[in-house]
Amino acid sequence: MNFGIAFFPSKEIQDAANSYRKRYDPRYTLIPPHITLKDSFKIEDGKMDETVTELKRIAMETAPFPIHITKVSSFEPVTNTIYFKVEKSEEIIKLEEKLHSGKFEDTRKHPFVPHVTLAQELTHVEFTDILGRLNMENHTYEDTFDRFQLLYQLDNGQWTVHETFVLGRE
């Protein structure tokens with residue numbers, strides 16, 4: 001079974017992201033708008049309790065912190081993915097690093113770029129048109145990062161919350 005760790009932002013940010021994802025993200029139905037902290041990974045049989053205990057420890061040691069979205073960006077030329085760019089902060093970088101060290105395997109394939117996906121798997125023409133349009137609009141949002149979720153993937157590809165971990169609390 002595949003697991004992942006993510007943060008689901010406020011309804012305001014999710015609604016803004018979904019207004020684009022409905023049209024431009026073929027994975028729209030698989031998971032709500034989110035910030036991925038740890039991509040798909042496996043948990044060995046019998047290790048779920050240990051994993052949950054470690055995630056509780058990390059959450060308890062991490063105080064809630066603000067996040068800021070200030071613009072739309074892309075992963076061009078690697079992929080035609082467009083996203084809300086979450087400004088990097090010391091807190092989010094430290095949290096992401098904790099989820100890739102110690103008891104957690106470093107499964108990173110790319111440098112950490114905190115973001116909320118808006119569109120992906122676009123043709124070059126679609127990508128250029130949509131990115132140009134979005135860059136002319138104001139996309140500024142603020143939220144408090146106060147929890148993260150351990151997710152698991154169902155057979156149909158959808159992601160479901162297994163457990164939520166509130167920052168600063170056990």
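Let's start with the largest pocket, which holds about 1100 Å³ of space. Keep in mind that this is a predicted model. The pocket has 36 lining residues, and those nearest its centre are Arg27, Thr36, Asp39, His115 and Thr117. Which elements give two or more residues to that lining? They are strand 1 (3–7), strand 2 (35–41), strand 5 and strand 7 (147–153). Strand 2 provides the largest share, with five residues.

Now, on to the helices. Helix 1 covers residues 11–24, and its 14 residues should span 20 Å at 1.5 Å a residue; the end C-alpha atoms sit 19 Å apart, so the two values agree. There is still a kink in helix 1, of about 30°, and it is centred on Asn18. Asn18 is also one of the buried residues of this helix, along with Ile13, Gln14, Ala16, Ala17, Tyr20, Arg21 and Tyr24. And what covers them? The cover includes three strands we can point to, strand 3 (65–74), strand 4 (82–86) and strand 5 (115–119), and also helix 4 (124–135) and strand 6 (141–145).

Helix 4 gets the same check. With 12 residues at 1.5 Å each, it should span 16 Å, and its end C-alpha atoms are 16 Å apart, which agrees. Its buried residues are Phe127, Ile130, Leu131 and Leu134. Looking down the axis of helix 4, these fall within an arc of 100°, so they line one face of the helix. The background here is familiar: an α-helix has 3.6 residues a turn, so residues three or four places apart point the same way. The buried residues of helix 4 pack against helix 1, strand 3, strand 4 and strand 5.

Let me finish with three spots in the loops. First up is His100, in the loop between helix 3 (90–98) and strand 5. Is His100 buried or exposed? Its relative accessibility is 6%, and buried means under 20%, so His100 counts as buried. Setting aside neighbours within four places in sequence, His100 contacts Leu37, Lys38, Glu105, Asp106, Thr107 and Arg108.

The other two concern the backbone. As a reminder, most residues other than glycine have a negative phi, and most peptide bonds are trans. Glu76 and Pro77, however, are joined by a cis peptide bond, with omega about 10°. Pro77 lies in the loop between strand 3 and strand 4. Then there is Glu121, which is not a glycine and yet has a positive phi of about 60°. You'll find Glu121 in the loop between strand 5 and helix 4. At 53% relative accessibility, Glu121 counts as exposed.

How values were computed
Residues numbered from 1 in each chain as written. Predicted model: local features only at pLDDT ≥ 70, side-chain atom pairs only at ≥ 80, totals over all residues. Heavy atoms only, no water. Helix = DSSP H or I, 4+ residues; strand = E, 2+ residues; numbered from the N terminus. Expected span 1.5 Å × (residues − 1). Bend = angle between axes of the 7 residues up to and from the residue. Buried < 20%, exposed > 50% of the residue type's maximum accessible area, 1.4 Å probe, protein only. Contact = heavy atoms within 4.5 Å. Arc of directions from axis to C-beta. 1 Å grid on protein atoms, 1.4 Å probe; cavity = no way out; pocket = protein on both sides within 12 Å on 5 of 7 lines; lining within 4 Å. Points joined across faces, edges and corners; volume = space filled by probe spheres on them.
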